[in-house]
Amino acid sequence: MGRPILNIENVSTSFRIQGEYHAAVDDVSLQVRKNEVLAIVGESGSGKSALALSIIGLHNMQNTKVEGHIGFQDRNLLDLSLSELNKIRGKEIGMIFQDPMTALNPLSTIGAQIEEPMKYHMKDMSKKDRKLHALELLRRVGIRNEERVYKQYPHELSGGMRQRVVIAIALACDPVLLIADEPTTALDVTIQAQIMDLMKALQSEMDSGIILITHDLGVVAEMADRVAVMYAGQIVEIAEVTKLIRNPLHPYTRSLLNSLPSHTGGKERLHVIDGVVPGLQNLDRTGCRFAPRIAWIPESAHVENPTLEEVEPNHFVRCTCYKHFYFPEEKEGEMNDVTT
Amino acid sequence: ACGGGDDEAKKTDKDQDKGKGKDELFVEDVEAQFPQTTSNDGEVIKDGELTVGLISDSPFEGTLNKVFYEGKPDADVMKWFDENLFDRDGDYMITNTGAAEYELSEDNKTITIKIRDGVNWHDGEPVKSTDLLYSYELLGHPEYTGTRYTFMIENVEGMEEYHNGEAETISGIEIINDKELTITYKEPAPSLLQGIWDTATPRHYVGDVTKGELTMDELVSSEKIRTSPIGFGPYKVSKIVPGESVLYDRNDDYWRGEPALKNVVLKVVSVASAIDALKRGDIDVAPELPTDQYERMVDIENAELLATLQNSYTYIGFKLGKWDEETKQNVLDPDAKLADKRVRQAMWHALNNEAIAQKFYYGLRTPATTLVIPFFDTFHDASNEGRSYDPEKAKELLDEAGYVDVDGDGFREDPDGNEFVLNFASMSGGDIAEPLAQAYIQNWEDVGLKVQLTNGRLHEFNSFYDMLEKDDPNIDIYQGAWGTGTDPDPEGLYGRTAKFNYTRYTSEENDKLLEEGNSPAAFDEDFRRDVYNKWQELMVEDVPVAPTLYRYAIHGVNKRVANYTIDATSDLKLYEVGVTE
Amino acid sequence: MSLLKVNNLKVHYPIRGGFFRTVKDHVRAVDGVSFELEKGETYGLVGESGCGKTTTGRAIIGLNSVTAGEIIFEGEDLASLKRRDRRKYIQDIQMVFQDPYSSLNARKNVLNIIAEPLRNFERLSPTEELLRVQELVERVGLTPESIYKYPHQFSGGQRQRIGIARALTLNPKLIIADEPVSALDVSVQAQVLNFMQDIQEEFDLTYLFISHDLGIVRHMSDRLGIMHNGRLVEEGTRDDIFENAQHPYTKRLLAAIPEMEPEKRMDKKALREEVNRLYREQHDAYYDEHGRVYDLQPLTDTHSVALQGGTNK
Amino acid sequence: MKELEQQLLEEKRELMAREKKNNPSFLKVVWREIKSDKVAFVSFILLTVILMTAYVSPLFIDEASVKRVDVFNAYNSPSTDNWLGTDDGGRDVFGQLMLGARNSFTIGIAVTLLAAIYGLTVGLIAGYYGGIVDNIIMRIIDFLMVLPSLMFIIVFVVIVPDYSVASFIFIMSVFSWFGKARLIRSKGLAERELDYINASKTLGTPDWKIMLFEMFPNLSSLVIVNMTLTLAGNIGLETGLTFLGFGLPTGTPSLGTLIALAKNPDVISTKWWVWLPAALLILVMMLCINYVGQAVKRASDARQRLA
Amino acid sequence: MIQFILRRSLVMIPQLILLSIIIFFLASAMPGDAVTGAFQNNPNVSPEQEEKIREKFGLNDPWYQQYGRWIGKAVQGDFGMSYTHKQPVTVLLKDRLANTLLLAGVTLIVTYLIAIPLGIIAGRWQDSWADKLIVTYNYVSFATPMFVFALLMLFVFSFQLGWFPIGGSVDIRAESGTIDYYMSKAKHLVLPVLSGALLMTYSTIQYLRNDIIDTKFKDFVKTARAKGVPENRVYTRHILRNSLLPIASFLGYEITGLIGGSIFIETIFSYPGLGQLFLNSIMLRDFQVVTALVMISGAAVIVGTMLSDIILSIVDPRIRID
Ligand SMILES: Nc1ncnc2c1ncn2[C@@H]1O[C@H](COP(=O)(O)OP(=O)(O)OP(=O)(O)O)[C@@H](O)[C@H]1O
Ligand SMILES: Nc1ncnc2c1ncn2[C@@H]1O[C@H](COP(=O)(O)OP(=O)(O)OP(=O)(O)O)[C@@H](O)[C@H]1O
Ligand SMILES: [Mg+2]
Ligand SMILES: [Mg+2]
């Protein structure tokens, strides 16, 4: 594990809804190290994208407020002016968006879109060099007929190809940090596997850090070094991937893992997490935020102001309720007490 | 003026206090207040230039030939480069002072026309008798589709045969030599002296249709008529921007002498901008300024206003019968709603034309009295006062005729006690049209007659005449206007066989007077005047139509312009118009 | 006799082009697919995006017109029926749609949504209707008062259940479920899948379960068909496919399932590369010169694979 | 049974009421949106005031006397008798302004509504059926869009036998639905791909019912937005026609008639009271409708809402 | 491309034929004909002569017969004679068409020159004071009747200030072909063009603004920003090009507006063009001209939409025409 390249401290991101600000990311602290893939998992609406956009400063600032400290290369990204930020975006931090269908400008050629970040960040590059580099990038992301693709338009490519192009754009200037917001969700199983393999291969080539946002635990298991589980704007558990999958502690993490059909194989019943992720406006911001969805364990199991506690080296969990958690279909006595 | 009721009177009084300014504008006596000739008596400078406005909301069409043109704007363009062969006097009778002289035969059937020497087309060719003949040949040509194959043309001997393609030539026109010809008419008519066709067409220049050099269609659309026409008038066309402007050069070879100006520019100016263009000096002459903007004319400092009577009048017509297609005659319908002439008389008396002339037109229109308009100075009976505004008289007449209000709704019923509603058709167009129609309806309402607009709306020009022509049963009364031309003979509008006699009024007395008015005896002016006085009287008695307004045209002329006149009796000629600075 | 027998089904979409926009070619979305569904079983239809799964489902229920082939439902060939005559089968075949957001009319409340088929086929008094709907709503695990709520007030899983309730109103025999959970979060997926299994027994339903997620299909289906390019490449029981896949395409699909053991991820990657290599190498043995899949050849009673040697219709 | 029914119905009513509160109708949302936008709110109030005045004041205005021509009082400048002076026929401009605002607004609304009905019918059919039906309808609409509508309106105004406000409205509306139909059709085409339409089809709902009760409600906010925005345009519509001489039938006071008097330069320069108030009134009404329309538009799109 | 143009042109033919049939039918429904008006001012012509001319022009025949004759000639490029102008319609239209094309063309260009920058500013700085100002201008321009505005322009800039001529298309003294001539033409164009353009910006500004606001939040714009593209470039390279597409697709219908507007503008500025001609021809029932004009404007709209399709296909790689 390398040194931290991104240091997120107490970041909160709030959106203005009907005149009032509501935090979608609530006091999140994280570190991303060199050479590491940090996965952020969680259900839809848990604040993953909001966090990612806060890092790269892409929120519509008219109704968004980002507070806290995002340390990157000794600077707080939140203090930078737009033009300073623009020097970092695309060069030091690359971003991959979820939907490759909409992430590319329909009117520009693939080549032009890949070269664009070079134009602004590597000003001494000649036109020819840029093209060579773009072709090189296309090859690197596994596109074989790169000369042709270079001249093509996004609509002429399949989803998987486009996602490769999006990745190529993010890699254009060899970023130190790569943020991938659900890079495979919109893709087919086979394509997803290809993209996962591609990213893994790329990561071993580069020594950058990657933030991988996803809700698919399978992808996490295949890709991540460390995993942060987010629920309702907070990180509820964070650990190395093996540890997290082998020994998940937080009830939310365990429920997620348990509801995967591929996990169980047969036709038996799957675990169901009651209720839904609360919306920003009707989120109860006191106590354990997951408590309403595990109503069968006693109130007393939760602490009042749960914080992330390091229960094992490098394994952090929020709230103490995990000590009392058992699945309702299991009998109370059989609850697997991992902490002991 | 006086109001119909007490309310009205009060209102009027009040109004007069505050509306002083406007009342001062009112023109009491147009003739006295406005000259007909410019007053500038300075020395005309040599090689001056004059800009003339052509006040029109549409471009001129550019059919620059008297035989073929349709729109008045084209006539305004032609007048600077082409002339009629004859000059005319105050009664629009031909004289012998123009480019040609005439002599009438004993039986008044044949006229001998002799073109002066030295009258040359702009290309230097002399104007020949065959050029005049050519106009006749074109007018009567079977292929001719214009509107000038009039009674005066038809009346030429042999014209009908020629027109129907039965004869090669017009037997009634005889070329005596290059400069002289005679025209013989089927019937002698005094209208001849006003209505004779006397413009020539440069046969050598435009090409000869009768010899098959070109077809009629080719002739009409020829450049030689549209963009480079010639005439023998004081100025030559130098350049035309189609539809919008014309540049004329002096015609040094003009037969009357050297024209005063070096150039004349004529350009189309929209009605809305006319007054300002005159004020700004963009144009020196603005013929026919819009009278409804009189308020803005009075304070023009750099220009003088001239006024003259126009040869047209407006009237209210009463539908009295039908056109019989079989006999080609107008037939009275004894059951027509307005068959009782007392009702018609009453309706005329009810019209407050004085107020309308004053308030809508600032006195630039005057209440009409008879159907021979004062434009025809000699034949208009100035002593006949027509039927002036007199609502009391109108009510009396209606009572007398048995039209009284029996059911107390404020409107009169007919003698049988049935509801009496009249449908009034009026044309749209112009700002005033709508309030004017309303004003008339109210005038009639004031004497207890219920009148409503036909189909509840004003009618656009074509629809209006279409309905009139077809004797649409939805029209009982209508407001129309006639242009009289320069011939006082009203036969074409009020005769038994005149299709334009939209009221379909006929009477034997009328037939008799109209015939007499254009009989050989009428070559005697006194006789003719007498007949027309009687006819005017008859019309005031029978009231097939109630003439409403005579119109004045206002010309604005820059003060630097001299010798400009709109006076028909004046000796000043167009070529003398000049500028003094 | 099987409940549904699809026989050499073809659905082609025309491609227009040229001067007069005439039909130039066809997209062979479904190009000769045959399978049977026994009463009470769940048949999974798997394949990558665009392989024609949805089109097959839509053709069976009549949303797409059939180019050729037979759809024999309880002995009647639906494909040859006129639209009006199909109406009486509408009650027996119902569909659950992929996107729980767009499949419910946002302007209607749950009562009106669920009662829609009732109003089309049965004349019930408002009270009867209300009772029926309430019963159904309760059956799918929603509170009775939710019938006056609007779709946007429900979570994705709840909405999907409303969609299922609507499909159940007419007591259908066959339900075509087109990716019923792929738009849902993992946690919610489980809800719906469990529920679908529950009602299958209760209502004696037959499912045609369409999905591209092998994990889910494995969880749900008794038998599976793997589709590729509009045709079936392999068909068999769950074990046939998952334990003994034959066709390289099937193998590729299986290899794409993410590995849940982080330690084995490198092995998995290697396996994928291996499978891909195989797929490329064996391509000609399993696809004809036009890249078309061969006809299915039975391997065992339950297991068939598309192999060279079958007649290519 | 009876009791049960009674009970159920009662329950139903109660629940409905509760849910209604939780589910604000589109109108409520619009109102909220208007309230939260100052400009829109002021516009709304102003518009209400204008319309109230325009619709209520005719009850106090003697229409006949306003329409009565009084040649002696033509073009009086504003005074205590005639707040806004008189027009060419000596008629009170203020009275005409009020009657005119009412007429113009009524006509604008009627034209908008009629056009919306035609547009909706055609657009829904084309959008719902798609394919060949859509193709044919769109070819027809393409053709209709080629028609120079101003020219055609003029022709129709001339030939219609009994010209009245009703026929004016009809003629105008006949030429103003093409765009709407296209709009609805394109949204309809998108909508028809959505599964709730497919669901209805598989549930055996007849096509017309799907169009009317499924598709239409989902397009309604679009229609409402489009209508508010075109309403503004339609109010100004007759002005131009009146200028050309093809406006409303005689004796129907309208804002257009007053404004068209301005074609006389005399009126435009020295008699401002004849045309300017009407022009300003149209301007203000259109501005208000537009600002309110913007709020309506925002209300229809949750992403843009301010409130 | 060529195929596309050919196909669209072929489609145009039945459209134009249908259009002409409708015109003929409507013409027959209108009261009066060309002859009625012409003779109304001439009571000295016998009704027989009037009838004869009507006969000659075939005006008494049923409309479909008249149409048959007309279409027969029209396919040979002969659109008949204008009754009022006494010349072939084709000749008559030539001058006017050139004038109108100039006026309309320049107006369209100026409209875009005004509208596009304003639309961009309003969309980019949404809710700023500049945006509010532009939006207000937009509504005002939408609400202002064109003829009132044109008259006011004429009043202020011609009558009061005397900067521009009061009407016409060119000074008669300017020698055709000289610089003076073109200057004069330009000077005559200023007011009519501005009167039209300043009011016609409405839809362009409106659409551009809305589209920019929409596009601003699209994913590919986010991608561009994430690349570190400076804000100005994000607008010029990414947002604007996408937002101009709908504007291009409205080109055809913008032409309809121009044609309608020309009627007002040409009347007020005494500009001899087609708009005026149309109005007069309707009044005088000169249907040969009316038909030709409607066909021209129809064709203009069709060509306009075709043009916008071609532009779109060039700008937007997703659209292919063949
Ligand atoms: N621009 C915004 N304005 C208001 N609320 C927002 C905005 N963007 C996101 N939210 C809300 O913030 C919360 C977190 O959203 P976010 O997009 O970060 O979720 P996510 O974890 O990325 O979910 P998904 O898996 O669906 O992408 C959600 O409740 C969402 O509704
Ligand atoms: N209306 C249509 N017109 C033309 N082609 C179509 C149409 N609908 C579908 N297709 C094509 O038919 C093929 C099969 O589509 P289908 O939707 O059945 O695939 P699918 O397997 O359900 O994919 P997905 O998993 O993405 O839903 C695809 O190539 C698709 O592009
Ligand atoms: Mg997200
Ligand atoms: Mg599908």
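**Exercise 1.** In this predicted model, find which atom of ligand 2 the polar side-chain atom of C:S49 lies 2.6 Å from, then look for other polar partners of the ligand.

*Solution.*
Step 1. The side chain of C:S49 places a polar atom 2.6 Å from an oxygen atom of ligand 2.
Step 2. For C:T54, an N or O atom of the side chain is 2.4 Å from an oxygen atom of the ligand.
Step 3. With C:C51 the backbone takes part: one of its polar atoms is 3.2 Å from an oxygen atom of ligand 2.
Step 4. Ligand 2 taken alone exposes 640 Å², and the protein buries 60% of that.

**Exercise 2.** Describe the shell around ligand 2 by residue class and by element.

*Solution.*
Step 1. List the residues: among them are C:Y13, C:V27, C:A29, C:K53 and C:E179.
Step 2. Sort by class, which gives 4 nonpolar, 5 polar and 3 charged residues.
Step 3. Assign elements of chain C: β2 (22-37) and α1 (53-61) each supply at least two shell residues. The largest share, 3 residues, comes from α1(C).

**Exercise 3.** Identify the residues that touch the most other members of the largest nonpolar core, and follow the contacts of B:F424.

*Solution.*
Step 1. The largest nonpolar core has 246 residues, of which B:F424, B:W444 and B:I477 touch the most other members.
Step 2. Helix α14 (residues 272-300) of chain D gives the largest share of this core, 14 residues.
Step 3. Leaving aside neighbours within four places in sequence, B:F424 is in contact with residues including B:I316, B:Y440, B:W444, B:L453 and B:I477.
Step 4. Another core, of 77 residues, lies apart from the largest one and includes A:I70, A:M125, A:V141 and A:I169.

Terms used: Residues are numbered from 1 along each chain as its sequence is written. Chains are lettered from A and ligands numbered from 1 in the order in which they are written. This is a predicted model: local features need pLDDT of at least 70, side-chain atom pairs count only at pLDDT 80 or more; totals for chains, interfaces and linings use all residues. Side-chain values use heavy atoms; hydrogens and water are left out. A residue is near a molecule or strand if one of its heavy atoms lies within 4 Å of it. A polar contact is a pair of N or O atoms within 3.5 Å; within protein, one must be able to donate a hydrogen and the other to accept it, and residues adjacent in sequence count only if both atoms are side-chain atoms. Accessible areas come from the Shrake-Rupley method with a 1.4 Å probe; for residues, only the protein chains shown count as cover. Helices (H or I, at least four residues) and strands (E, at least two) are DSSP runs, numbered from the N terminus. Ala, Val, Leu, Ile, Met, Phe, Trp, Tyr, Cys and Pro count as nonpolar, Asp, Glu, Lys and Arg as charged, and the others, Gly among them, as polar. A nonpolar core is a set of buried Ala, Val, Leu, Ile, Met, Phe, Trp, Tyr and Cys residues joined through side-chain atoms within 4.5 Å. Buried means under 20% relative accessible area, exposed over 50%, partly exposed in between (1.4 Å probe, protein chains only). Contact means heavy atoms within 4.5 Å.
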